[in-house]
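The following exercises concern the structure displayed below. Please attempt each task before reading its solution.

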Amino acid sequence: MKIRTKMPSLEGDEQVLNLKKMKQTSGKLTLVYFWSISCKQCEESIEKLKELERQFSAELAIITVHMPRSEQDRELESIKKKAKQLHLEHPIILDHQLRITDAFDNRIVPGYYLFDQQKMLRFYRAGFTTTKMLEHKIRRLI
């Protein structure tokens, strides 16, 4: 996905956990975070995401997309258990058909896609060490 590309739709047949936590994204920066329960780096990244959300709660909406990397990653109870263990309260879109993953052309977890207030991609990175760069970019876009 190229910078300044419009954010693909996150709506469809996918199941969403923590739907009640879905924040209005209009007028806010939106971070779409790809993760998987089988990814150890994702667990560490989620803690850093929580810090970013606390810092920028008025300006940032975070939506997570669970991208299965194996058949075990598709087990609903395992995903719920991991989300509870990580105290992950963000909306979690279960992308079992990889429709969203393909729309974003995402192949790696953790994956971070930051969209500006007009829903144009302004930042993309994959990997655990991304959160410092992400924080800097959020500050610049605010």
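**Exercise 1.** Determine how far apart the centres of the positive and negative side chains of the protein chain lie.

Solution. Lys and Arg are counted as positive and Asp and Glu as negative, whereas His and the chain ends are left out. Each charge is placed at NZ of Lys, CZ of Arg, CG of Asp or CD of Glu. The protein chain then has 26 positive and 19 negative side chains. The centres of these two sets lie 6 Å apart.

The model is predicted: local features require pLDDT of at least 70 and side-chain atom pairs pLDDT 80 or more, while totals for chains, interfaces and linings use all residues. Residues are numbered from 1 along each chain as its sequence is written, and side-chain values use heavy atoms, without hydrogens and water.

**Exercise 2.** State in which order the elements of the protein chain run.

Solution. Elements are DSSP runs numbered from the N terminus: helices (H or I) of at least four residues and strands (E) of at least two. The protein chain has 4 helices and 6 strands. From the N terminus, their order is β-β-α-β-α-β-α-β-β-α.

**Exercise 3.** Establish how many disulfides the whole structure holds, and whether C39 is buried or exposed.

Solution. A disulfide requires two cysteine sulfur atoms within 2.5 Å. The search of the whole structure finds 0. Buried means under 20% relative accessible area, exposed over 50%, and partly exposed in between (1.4 Å probe, protein chains only). C39, with a relative accessible area of 4%, is buried. C42 is buried as well, at 1%. Of the 142 residues of the protein chain, 50% count as buried.
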